[in-house]
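Thanks for coming. I have one structure today, and I will go through its charged pairs and then its nonpolar cores.

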Amino acid sequence: MARTRHLFPGCNTAFGFAGYFEDLQVRARRTVILKGGPGVGKSTLMSRAGKHFEKLGMETEYYHCSGDPDSLDAVYAPQAGFLILDGTAPHVVDPAVPGARDGILNLGVCLNERRMEKQAEEIAALNRDISACYAQATRYLRSALAVRQDAAAVYDAALDKNDCRMLQNELLALLPGGGEDEGLNAFAQAITWKGVLQETDAVLMETNYCLDLPWGFDADVFLRLLWEEAVWRGVKRTAYHDPLDPGKLLHVTVGKAAFTTAVMMDAPVFAPTLDASVLRRESARLAFDRAACELMQNQAVEALGRAKAGHDALERCYMDAMDYARLEEIQFEFLKTLP
């Protein structure tokens, strides 16, 4: 069976929403961008497109929405070079090469706009409430990142720098050769209203190497170096970013090899040498940092849950105004055009 992968193109982070939708567009030979309000059938159509490619035995990548992981933001079929994605806020996307390569499918044409006019104030109020919930989540995540950075400072002080350089060189020696200069970015984890979701199986390659790092250790110490070396060599690569701090990496694939911080069975494990006396001295500090980080992250998840409830109410406003017979016709005709 062809491989099916589940990832996130964007994420709620300590710096607000961060996404890499442009990376998906760069990969595709044909892109269809969906427009229309919430609840108009964008995710359903993307799911149908994905099932179409799966039935053809093609590798299919499902990119889930971090606001609602049960919904989709994009589906990509690498062998067909076909991408379909949601081009609405907070990740507004427009065609890079309109007509010649990229097109827009507006499902909003199925809405009864006159009926929706009566709900304009309700919709505006819901949008304000949703935005406020996301802003609150961002503040909590910023606090969570601050205490995690404090833990990272402890590990930096405990790190044996000579051993670190040796381990870096050991990992660099495992990198495959060049020849495919393509670099992509995504998230294999996301902070959602359901909690922190992980799709780390999507990261795994033919060969896998595991970095065994304690909570709070900055994996960028090793992964950034691997990424930069892969860029220099021109090797096909993907960076999987930290959902709390998107400037940091949690996993990197280079060629057919994966370097991951996920716990894995039957994979070579690499771990840095840390000064045990420093860790003992700072044990209470590390325990506090971890507890505080988890508390703040849980508060962010609750705020995202309230945003999800507001979004559900917003969707109902649109769904009540939908012409589903027309929508079904549009989806049916569209699916017939798929490669």
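Is K308 buried or exposed? A reminder before the answer: this is a predicted model. K308 counts as buried, at 13% relative accessibility; the cut-off for that word is under 20%. Its side chain is paired: K308 forms a salt bridge with D312, with 2.9 Å between the closest N and O atoms. D312 is partly exposed, at 24% relative accessible area. Both K308 and D312 belong to helix α8, and they sit four residues apart, about one turn of the helix.

A second pair is spaced in this way along a helix. D220 and R224 lie in helix α6, residues 220-233, four residues apart. They form a salt bridge, and the closest N and O atoms are 3.2 Å apart. Here the acid is the buried partner: D220 has 11% relative accessibility and counts as buried, whereas R224, with a relative accessible area of 24%, is partly exposed.

Next, a pair that links two helices. D150 and R285 meet through their side chains in a salt bridge, 2.8 Å from N to O. D150 lies in helix α4, residues 120-158, and R285 in helix α8, residues 283-319, so this salt bridge ties together parts that are 135 residues apart in sequence. D150 is partly exposed at 27% relative accessibility, and R285 is partly exposed as well, at 32%. The count for the model comes to 18 salt bridges.

Now the nonpolar side. Which residues of the largest nonpolar core touch the most other members? They are F82, I84, L105, Y318 and F334, in a core of 35 residues. Two or more residues each come from β4 (30-35), α2 (42-55), β6 (72-77), β7 (82-86), α4, α8 and α9 (324-335). Helix α8 gives the largest share of this core, five residues. So helix α8 holds R285 of the D150 pair, and α8 also contains K308 and D312.

Y318 is worth a look on the screen. Leaving aside residues up to four places away in sequence, Y318 touches G37, P38, V40, L111, M116 and I123.

Another core lies apart from the largest one; this second core has 28 residues, including C164, Y209, L213 and A230. As background, nonpolar side chains in soluble globular proteins tend to be buried together.

That is the set I wanted to show. I will take questions now.

Key
Residues numbered from 1 in each chain as written. Predicted model: local features only at pLDDT ≥ 70, side-chain atom pairs only at ≥ 80, totals over all residues. Heavy atoms only, no water. Salt bridge = Lys/Arg side-chain N within 4 Å of Asp/Glu carboxyl O. Buried < 20%, exposed > 50% of the residue type's maximum accessible area, 1.4 Å probe, protein only. Core = buried A, V, L, I, M, F, W, Y, C linked by side-chain atoms within 4.5 Å. Contact = heavy atoms within 4.5 Å.
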